[in-house]
Amino acid sequence: MEESPTNDPSKAGKTEQQGAEQNAPKSGERSDQGVAPTNDHYRPDPQVDRDQAPIPAPDVAGAKYHNPVLAQPTEEYTGLKLENRMKIAAGVEAVMKSMQFSWSEAGMTRGTHGLLKMNQKDGFDCSSCAWPDPDDHRSVAEFCENGAKATASDADDKACGPEVFAKHSLADLSRMTDRDQNNLGRLTHPMVKRPGGTHYEPIEWPEAFDIIGKELNALKSPDEAAFYTSGKVPNEPAFLFQLFAKQFGTNNLPDCSNMCHESSGAALSPTLGLGKGSVTLNDIYEAEVILIIGQNPGTNHPRMLSALQKAKKNGAKIISVNPLIEAGLNHFKNPQDFMNPIKALGVLMGDGTPITDLYLQVRVDGDMGLLRGIMKHLFEAEDRNPGQVVDHAFIKEYTTGFESFEQNIRNTKWEDIEELSGINRGLLLEAANMLATKQKIITCWAMGVTQQRQGVQTIQEIVNLHLMKGAIGKPGAGTCPVRGHSNVQGDRTMGVWEQPTKAFQDALGKEFNFQPPYEHGYDTVEAIKRMYHGDLKVYFGLGGNLLAAGPDTEVIAEGMRKQNLTVYVGTKLNRGHLTTGKTSLLLPCFTHADIDMQKSGHQMTSCENSMGVVSQNKGVLVPLEGHNILSEVAILAGVAIATLGPDRTNVADWVAMTENYDVIRDHISRVIPGFEKFNEQLRQPGGFYLPNGPRERKFTTKNGMANFTTTELEKYSLEPGQLILMTVRSHDQFNTTIYDYNDRYRGIHGERRVIFMNKEDIAERGLKAKQPVDITSHFEGQQRTVEKFLVIPYDIPKGNVSAYFPEANPLVPISSVAKVSNTPTSKYVVVTVAPAKVEKAPQAQKQRAEAVPA
């Protein structure tokens with residue numbers, strides 16, 4: 001391991017290397033993991049006015065005729081080929097696909113070097129999902145197909161420089177598919193789209209910083225700006241981003257968490273005291289029963305399958321709850337076994353490890369009813385076997401609210417449970433029997449739960465299940481929200497939140513000698529509304545693609561067009577960069593894999609994974625020759641100096657933080673609990689664990705107890721012919737980044753404009769396989785329509801349909817959000833499906849929407 005890049009060994013980052021390997025965290029050891037809570041308590045915000053004038057439904061279908069720059073992906077088909085749904089995930093094919101994609105994007109030498117350093121203790125953190133790395137031994141190839149694609153894309157040796165933007169206007173670029181935009185290569189130079197312009201043009205960094213500073217300082221109030229963050233941003237730039245926004249004077253810090261696991265934080269903080277999970281990777285191995293709800297690990301978190309495989313070999317039972325039958329929850333062939341001569345033949349010829357023992361194909365949005373059914377069975381089992389099913393000792397010592405919760409579950413009618421969940425009482429009894437005598441229980445969930453209407457309340461029922469079983473705060477048991485992007489959890493820990501606590505703001509203000517704002521800012525949904533209404537004038541995006549990630553695509557696009565300035569910091573072109581304000585800046589930055597050389601030497605950053613481990617991220621690839629790329633830290637320092645100047649900030653400190661990232665970490669160590677001796681801890685092989693109260697049965701809620709919740713089970717009625725849509729990812733996709741048009745586990749090749757439908761629903765509407773259809777969403781009297789989707793017969797509950805995002809995002813109304821968390825309900829959209837209409841637009845207008853190849 002390298003020493004801290006500092007000239008004075010007595011200053012920041014000095015570390016003792018002797019015994020470092022012995023000090024690496026072991027997820028089975030709990031002696032010092034629950035000392036102090038972290039500052040991420042969720043508190044509903046009564047100050048933000050969410051009762052603005054309603055936003056009318058945009059003309060989703062006609063938008064392509066009204067704006068030359070397309071906000072939605074092109075409607076042109078790319079060549080559908082159907083195959084049977086796969087029943088086994090990963091295996092040799094995953095290895096071959098990983099290498100093929102890596103070598104095609106980055107070249108054999110560069111690509112292989114990047115892969116072999118990914119997720120290693122002396123390498124860089126995967127920029128894909130936030131699944132944790134093993135604490136002890138790590139294989140030579142500690143990555144999955146998803147991570148290989150992400151790293152290959154980051155290591156792309158093609159340049160998307162000024163010559164590309166000179167050749168293609170924004171309108172031309174918007175007619176490319178999202179895949180082809182990504183495949184143009186790495187952004188290499190700062191670019192500007194000036195008022196009235198049709199192209200991005202080169203600009204020098206000082207002028208770019210000057211434009212940002214002047215636009216921000218011209219605002220009537222700092223609250224006319226919004227600062228959006230992607231979960232890919234490491235801790236150090238994330239900390240600087242929120243610091244700059246607060247020194248500027250606003251808490252308008254919407255981020256991708258608002259659209260994914262905000263519901264998890266909203267449910268966990270008041271019940272357990274911490275808005276994060278309470279388990280470690282070793283707990284997965286020790287669990288007796290694992291529930292996987294609303295998650296598809298085979299596509300979204302493939303390395304999780306290795307942990308599940310190990311748990312199965314240790315005797316665990318796995319219950320999977322998902323409307324779709326997913327390959328990764330069926331069987332798994334571990335690619336690592338292919339490298340073992342003894343196991344290789346089995347990987348080639350066998351069916352792999354069976355993952356799921358009981359598959360509950362729940363209706364979309366029916367998870368809350370399903371959980372109630374399981375717990376109702378458990379109470380009935382407790383009646384027959386007093387003291388054998390419910391952990392009364394744990395409940396008495398650590399919890400409150402049990403009596404009200406118990407009565408609520410017992411009073412729930414079986415007919416309501418079966419109707420809402422779509423699961424019969426017998427199957428729910430089978431699940432309950434697996435849990436009845438066990439306490440080492442882990443429940444994993446993802447966006448299939450958090451993006452429901454009652455996502456928060458559903459997660460509270462998950463907590464209720466764990467509390468009644470005493471299945472928390474012990475090895476092999478606890479809650480496990482599986483985060484999506486690599487550092488989405490770390491960004492929140494670093495203070496990227498529109499609702500900061502007073503304690504966090506006080507510590508930040510004391511450290512940097514300024515008065516931070518205490519009024520809550522706008523979350524993502526509220527920021528989109530404010531942009532649309534013209535209340536915001538400047539949008540600054542540090543990574544990400546809000547246009548493609550957010551709901552109601554055309555509403556976001558209209559809001560972006562109303563901005564005086566849009567600033568996009570990124571690594572590769574995406575559709576969101578093309579829908580701009582009057583002036584727009586496109587600023588290229590380094591990836592996790594890039595070598596970041598500053599004045600003091602080779603810098604490293606850090607990321608926090610889903611289980612609260614903070615580890616180093618040190619790039620290994622030389623940036624493209626002739627580039628003019630800056631690190632995220634350098635960009636933010638340039639913006640801060642140009643905007644705040646010496647009157648409102650310590651310019652010298654911003655310079656010092658850019659020259660040596662250890663200075664940033666020293667600041668963090670004095671502001672955020674759990675990061676004491678940050679520089680020293682980060683240099684331990686494998687990093688370090690953050691404090692986690694629930695893991696130690698230290699529940700830092702307001703009353704100091706773990707709280708049962710009494711929730712309301714709501715029933716909703718549909719009009720005749722209506723269906724419930726949920727949006728999902730394809731296999732060749734990570735978040736909004738599209739690597740290719742395939743979803744091989746589901747049997748889809750060469751196309752993304754598809755809708756998965758139950759065969760009975762297809763027949764009832766007089767449709768047939770591969771038929772083009774239009775999809776219309778219905779919400780509070782509004783309608784939104786997307787066109788030209790192809791019908792795919794699929795094993796999905798009757799009354800439910802599914803489609804990929806971002807293609808289906810225009811159907812998600814901006815005002816349809818989960819209670820408490822304000823998360824868009826992408827897993828509950830009321831729709832109707834009808835044969836596609838024949839376009840009547842003039843030929844000239846139709847040509848505007850045709851795909852342009854890269």
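At roughly what angle do the axes of helix α15 and helix α17 cross? The legends below take that up and then visit other spots in this predicted model.

**Close-up 1. Helices α15 and α17 cross at roughly 105°.** Here you're looking at α15, residues 367–384, and α17, residues 402–411, whose axes come within 9 Å. That crossing angle makes α15 roughly perpendicular to α17. On the α15 side, the contact is made by R372, M375, K376, F379 and D383. The α17 side brings in F402, F405, E406, N408, I409, R410 and N411. Sort the contact residues by class and you get five nonpolar, five charged and two polar. If you're wondering why we quote both numbers, two packed helices are described by the angle between their axes and the distance between them.

**Close-up 2. Cysteines C256 and C260 sit without a disulfide.** How far is the sulfur of C256 from the closest cysteine sulfur? That closest sulfur belongs to C260 and lies 5.3 Å away, which is too far for a bond, because a disulfide needs the two sulfurs within 2.5 Å. Looking from the other partner, C260 is in no disulfide either, and its nearest cysteine sulfur is that of C256. In fact, the structure holds zero disulfides. Are these two cysteines buried or exposed? C256 counts as buried at 15% relative accessibility, and C260 is buried too, with a relative accessible area of 9%.

**Close-up 3. The largest nonpolar core has 57 residues.** Within this core, F227, F239 and L585 touch the most other members. Helix α9, residues 235–248, supplies the largest share, with eight residues. Now zoom in on L585: leaving out residues up to four places away in sequence, L585 touches M191, V192, Y200, I203, A208, I211, I212, L565, T566, V567 and Y568. There's also a second, separate core of 51 residues, with V289, V449, A471 and A477 among its members. As a bit of background, nonpolar side chains tend to be buried together in soluble globular proteins.

**Close-up 4. V728 lies in strand β25.** The strand covers residues 723–728, and V728 counts as buried at 10% relative accessibility. Which residues is V728 in contact with, leaving aside neighbours within four places in sequence? They are R746, S802, A803, Y804 and F805. Try finding G448 as well: V728 and G448 are 280 residues apart in sequence, yet their C-alpha atoms are 8.7 Å apart in space.

Terms used. Residues are numbered from 1 along each chain as its sequence is written. This is a predicted model: local features need pLDDT of at least 70, side-chain atom pairs count only at pLDDT 80 or more; totals for chains, interfaces and linings use all residues. Side-chain values use heavy atoms; hydrogens and water are left out. Axes are lines fitted to C-alpha atoms, for helices over the stretch in contact, and angles run from 0 to 180 degrees between N-to-C directions. Helices (H or I, at least four residues) and strands (E, at least two) are DSSP runs, numbered from the N terminus. Angles under 35 degrees count as roughly parallel, over 145 as roughly antiparallel, 65 to 115 as roughly perpendicular and the rest as oblique. Contact means heavy atoms within 4.5 Å. Ala, Val, Leu, Ile, Met, Phe, Trp, Tyr, Cys and Pro count as nonpolar, Asp, Glu, Lys and Arg as charged, and the others, Gly among them, as polar. Buried means under 20% relative accessible area, exposed over 50%, partly exposed in between (1.4 Å probe, protein chains only). A nonpolar core is a set of buried Ala, Val, Leu, Ile, Met, Phe, Trp, Tyr and Cys residues joined through side-chain atoms within 4.5 Å.
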